[in-house]
Amino acid sequence: MLYIELIKLWDEAVRAIDSRDWQGALTKLNQITEHNCRTMFVVASTHIALGQVDSAIKALDQVIAKDSCLAVGFFQRSAVHMMANRLEEALADCIWAQKFMRENPVIDYKQLGLRYKMYSWQVLYNAAAVHSRLQQWDKAREILTAASQERGAGRSNLLDIALEAISRREVLEPLLVPEGEVFRPRKQEVDQLKPRNFLGEAKVTRIFTLYSCFKSCLEINYSIRCRIQ
């Protein structure tokens, strides 16, 4: 498909998501015949919002197939694998997400169109959540303690609460990219979809004014000739 068609459908899907019209967004996304990893991430996010876990996993499989180094793809899939109780796969995804963070405490995906910062402690938190489901409480506590040493916004309160939950032997809920936060097409590309007036309003007005003056001159000239005759 033409790239401009992809941008159009992608933008329309994102607008539907902003309105919380998840089914409408999915309808637009299903019209895209040649996805990239970012549009497939949008597909996965839409399935998650609709509670379609298996479809979300399949979409995230394609995200990672198209970009095997996308840490946030592994992070998101780890959470969805937990939802499906696929714990071994979830733990493996946490390991891959941590690897592709490449020892960075945070990755800001804003430049790629996703308004989300993923922190290393969040990946560790999800790993601890997997171990809590496996009832490996000591391992979960060890990972959360390590996560508390990581830098990043919002970690202290959540990790403290998680450590208290582990001490009570309660299962942790996985972290995901917040609902509605998806990869968006670049503004410059979306702006290209808008119709343009290549002549420009000022130029059109000037041409019309010149035409009016020329017409008036012809009328005056014709009137003078008639009087002379």
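1. Phe100 is buried, because its relative accessibility is 12% and the cut-off for buried is under 20%. Its ring partner is Trp96, which counts as partly exposed at 37% relative accessibility. Both residues sit in helix 6 (residues 87-100). They are four residues apart, about one turn of the helix. This is a predicted model.

2. Five aromatic pairs are counted in the model. One of them joins Phe41 and Phe183. Their ring centres are 5.1 Å apart, with 85° between the planes, and the pair is edge-to-face. Phe41 belongs to helix 3 (residues 37-49), while Phe183 is in the loop between helix 9 (155-167) and helix 10, so the pair ties together parts 142 residues apart in sequence. The Trp96 and Phe100 rings have centres 5.7 Å apart and planes at 15°, so that pair is stacked.

3. How buried or exposed are Phe41 and Phe183? Phe41 is buried, at a relative accessible area of 0%. Phe183 is buried too, at 1%. Ring pairs link both of them with Tyr109 into a cluster.

4. Phe183 deserves a look of its own. Beyond its neighbours within four places in sequence, Phe183 contacts residues including Trp10, Val14, Arg38 and Phe41. Val42, Val72, Tyr109 and Leu112 are also among its contacts, as are Gly113 and Leu114.

5. The largest nonpolar core holds 67 residues. Phe183 is among the residues with the most contacts inside this core. Tyr109, also in the ring cluster, is another. Val72, Met118, Tyr125, Leu144 and Leu172 complete that group.

6. Glu189 needs a separate comment. Glu189 lies in helix 10 (residues 187-191). It is buried yet has no salt bridge. Which side chain of opposite charge is nearest to Glu189? It is Arg186, 4.1 Å away. The salt-bridge cut-off is within 4 Å, so that distance falls outside it. Leaving aside neighbours within four places in sequence, Glu189 is in contact with Tyr3 and Ile7.

7. Now the overall fold. The protein has 11 helices and two strands. Along the sequence the order is α-α-α-α-α-α-β-β-α-α-α-α-α. Of contacts with a separation of 6 or more, 64% come from residues 24 or more positions apart.

8. Last, burial and surface. Of the 229 residues, 40% are buried. The exposed area is about 13,600 Å². Carbon and sulfur atoms supply 52% of that area.

Definitions and conventions: Residues numbered from 1 in each chain as written. Predicted model: local features only at pLDDT ≥ 70, side-chain atom pairs only at ≥ 80, totals over all residues. Heavy atoms only, no water. Buried < 20%, exposed > 50% of the residue type's maximum accessible area, 1.4 Å probe, protein only. Lys, Arg positive; Asp, Glu negative; His and termini not counted. Contact = heavy atoms within 4.5 Å. Core = buried A, V, L, I, M, F, W, Y, C linked by side-chain atoms within 4.5 Å. Areas by Shrake-Rupley, 256 points an atom, 1.4 Å probe, with all protein chains shown as cover. Phe/Tyr/Trp six-rings, centres within 6.5 Å; stacked < 30°, edge-to-face > 60°.
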